[in-house]
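Got your viewer open? Let's take a walk through this protein, one selection at a time.

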Amino acid sequence: MKVSDFVEGKLMEIGATPEYTGYKYLVCAIVMSMQNEYLLNNVTTKMYPAIGKRYGVSPASIERSIRTVISAIWYDGDPELLRKLMGRSYPVQPGNAKFIGVVSRRLSFYCRCNAETSKISRQANI
């Protein structure tokens, strides 16, 4: 399974839907940060411009569209699944960088754990 498919599946579980323009930008941002965690230190200066270049839109449009999809998840999504995905509940909606950072780190950890479990199972012929 491709990482982007995995990320999309998790986002859809918590209530994100592809009809939002920011949905594909959010998936891209999470995948990029899973592949290079240092991008999380430069979301507005490195990540948004890279995504904007890929899709032919401005970094400001990327930021606004991602914020819109995060708001939709926050207010209309499944709160329990969101809490599980983020690892805890938050009293207020997190900003884009925090949401992307927390989700990408949690999904990276999940992927690593599953990869190691699969590796151990293959070695043990389970």
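One term before we start: two residues are in contact when they have heavy atoms within 4.5 Å of each other. Also keep in mind that what you're looking at is a predicted model.

**Stop 1: the whole chain.** Switch to cartoon view and color by secondary structure. You'll find six helices and zero strands, so to read the elements from the N terminus on, you just go α-α-α-α-α-α. Now turn on the surface: the accessible area comes to about 7500 Å², and 53% of that belongs to carbon and sulfur atoms. Of the 126 residues, 37% count as buried.

**Stop 2: helix 1.** Select residues 3–14. How far apart should the ends of these twelve residues be? At 1.5 Å a residue, helix 1 should span 16 Å, and its end C-alpha atoms are 17 Å apart, which agrees. Next, show the side chains of F6, V7, L11 and I14, the buried residues of this helix. Look down the axis of helix 1: these buried residues fall within an arc of 130°, so they line one face of the helix. Then step just past the end of helix 1 to G15, which takes a positive phi of about 120°.

**Stop 3: the core.** Which residues have the most contacts inside the largest nonpolar core? Select L11, L26, I30, I66, I73 and F99 to see them; the core has 35 residues in total. Helix 1, helix 2 (21–35), helix 3 (43–55), helix 4 (59–76), helix 5 (79–86) and helix 6 (96–123) each supply at least two of its residues. Helix 2 gives the most, with ten.

**Stop 4: F99.** Zoom in on F99 and leave aside its neighbours within four places in sequence. What else is F99 in contact with? The list is L11, I14, L26, I70, I73, L82, M86 and P94. You've already met L11 and I14 as buried residues of helix 1. Zoom back out for a wider view of contacts: among those between residues at least 6 apart in sequence, 57% join residues at least 24 apart.

**Stop 5: S108.** Finish in helix 6, where you'll find S108. Is S108 buried or exposed? The cut-off for buried is under 20% relative accessible area, and S108 has 7% relative accessibility, so it counts as buried. Now draw a distance from its side chain to the backbone of S104: a polar side-chain atom of S108 lies 2.8 Å from the backbone oxygen of S104.

Conventions. Residues are numbered from 1 along each chain as its sequence is written. This is a predicted model: local features need pLDDT of at least 70, side-chain atom pairs count only at pLDDT 80 or more; totals for chains, interfaces and linings use all residues. Side-chain values use heavy atoms; hydrogens and water are left out. Helices (H or I, at least four residues) and strands (E, at least two) are DSSP runs, numbered from the N terminus. The expected span of a helix is 1.5 Å times one less than its number of residues. Buried means under 20% relative accessible area, exposed over 50%, partly exposed in between (1.4 Å probe, protein chains only). The arc is that of the directions from the helix axis to the C-beta atoms. A nonpolar core is a set of buried Ala, Val, Leu, Ile, Met, Phe, Trp, Tyr and Cys residues joined through side-chain atoms within 4.5 Å. Accessible areas come from the Shrake-Rupley method with a 1.4 Å probe; for residues, only the protein chains shown count as cover. A polar contact is a pair of N or O atoms within 3.5 Å; within protein, one must be able to donate a hydrogen and the other to accept it, and residues adjacent in sequence count only if both atoms are side-chain atoms.
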